[in-house]
Amino acid sequence: MPTERELAISPLVQESVQHNTQVISNIRSLTASLFGVASGILGLESYSGFLFYLLGTFFVSILIWSILAKGKQRDYFQGVWSELWAGDVLNGGMSFVLTWTLFYGLVRA
């Protein structure tokens, strides 16, 4: 957590933090579905499919950190670990599994 002095120098605007969190959530939802489509088309099963999702999510987090946050995640997010690196991984996982099974069934049927 930032100290009182750091907040006085560069204050966090709650509306901006909420907007940033919403943008990250939208990106994660879309990429989770895309990873599910890719896993289904590739015919991945069991642990290999989940590993594909976790590696893909980590790669997306690196892209967000480097492109959107420009390496200064503390300027854009309050809880850096929870919002940028691990935020919405479980919710995205549900979208991933749904599209994974759908496309796996379509390709293998």
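## Starting at I41

Let's begin with one residue, I41, which is partly exposed, with a relative accessible area of 48%. You'll find I41 in helix α2. What does I41 touch once its neighbours within four places in sequence are left aside? The answer is F103 and V107. I41 also has a distant partner along the chain: T101 sits 60 residues away in sequence, yet the two C-alpha atoms are 9.8 Å apart in space.

Keep in mind that you are looking at a predicted model.

## The whole chain

Now zoom out. The chain contains 5 helices and 0 strands, so if you read the elements off from the N terminus you get α-α-α-α-α. Of its 109 residues, 29% count as buried. Take the contacts between residues at least 6 apart in sequence: 74% of them join residues at least 24 apart.

How sure is the predictor? The average pLDDT over the chain is 81, and 72% of the residues score at least 70. Confidence is lowest in helix α1 (residues 4–9), where the mean is 60, and highest in α5, where it is 91. Here's a handy rule: where pLDDT is low, don't read the predicted coordinates in detail.

## Helix α2 and what follows it

Helix α2 covers residues 14–42. It has 29 residues, and from its first C-alpha to its last it reaches 42 Å, close to the 42 Å expected at 1.5 Å a residue. Plenty of names turn up on the buried list for α2: V17, N20, I24, S25, R28, T31, A32, F35, G36, S39 and G40. After α2 comes G43, with a positive phi near 75 degrees.

G36 deserves a stop of its own. This glycine lies in α2 and is buried, with a relative accessible area of 0%. Not counting residues up to four places away in sequence, G36 touches F96, T99 and W100.

## Helix α3 and its crossing with α2

Next up is helix α3, residues 46–68. With 23 residues, α3 reaches 32 Å from first C-alpha to last, close to the 33 Å expected at 1.5 Å a residue. Its buried residues are G49, Y53, G56, T57, V60, S61 and I64. K70 follows α3 and has a positive phi, near 55 degrees.

Two packed helices are described by the angle between their axes and the distance between the axes. For α2 and α3, the axes come within 10 Å and cross at roughly 145 degrees, and the crossing is right-handed. Which residues meet there? From α2 come I24, I27, R28, T31, A32, F35, A38 and S39, and from α3 come G49, F52, Y53, G56, T57, V60, S61, I64 and L68.

## An unusual phi at S46

Most residues other than glycine have a negative phi. S46 goes the other way: its phi is positive, near 55 degrees, and it is not a glycine. S46 has its place in helix α3. Is S46 buried, exposed or partly exposed? S46 is partly exposed, with a relative accessible area of 45%.

## Helix α5 and its two sides

Helix α5 (residues 89–108) lets you check a prediction with simple arithmetic. At 1.5 Å a residue, its 20 residues should span 28 Å, and the end C-alpha atoms are 27 Å apart, which agrees.

Where do the buried residues of α5 sit around the helix? V89, G92, G93, F96, T99 and W100 are buried. They cover an arc of only 145 degrees around the axis, so they lie on the same side of α5. On the other side, N91, M94, L98 and L106 are exposed.

## G92 up close

G92, placed in helix α5, makes a good final stop. Why does G92 count as buried? Its relative accessible area is 4%, and buried means under 20%. Not counting residues up to four places away in sequence, G92 touches A32 and Y53. Remember that A32 is among the α2 residues, and Y53 among the α3 residues, that meet where those two helices pair up.

G92 also lets you compare sequence with space. L30 is 62 residues away along the chain, but the C-alpha atoms of G92 and L30 are separated by 8.3 Å. G36 is 56 residues from G92 along the chain, with 9.9 Å between their C-alpha atoms.

Terms used: Residues are numbered from 1 along each chain as its sequence is written. This is a predicted model: local features need pLDDT of at least 70, side-chain atom pairs count only at pLDDT 80 or more; totals for chains, interfaces and linings use all residues. Side-chain values use heavy atoms; hydrogens and water are left out. Helices (H or I, at least four residues) and strands (E, at least two) are DSSP runs, numbered from the N terminus. The expected span of a helix is 1.5 Å times one less than its number of residues. Buried means under 20% relative accessible area, exposed over 50%, partly exposed in between (1.4 Å probe, protein chains only). The arc is that of the directions from the helix axis to the C-beta atoms. pLDDT is the predictor's confidence in each residue, from 0 to 100. Axes are lines fitted to C-alpha atoms, for helices over the stretch in contact, and angles run from 0 to 180 degrees between N-to-C directions. A crossing is left-handed if the near helix is turned anticlockwise from the far one by less than a right angle, and right-handed if clockwise. Contact means heavy atoms within 4.5 Å.
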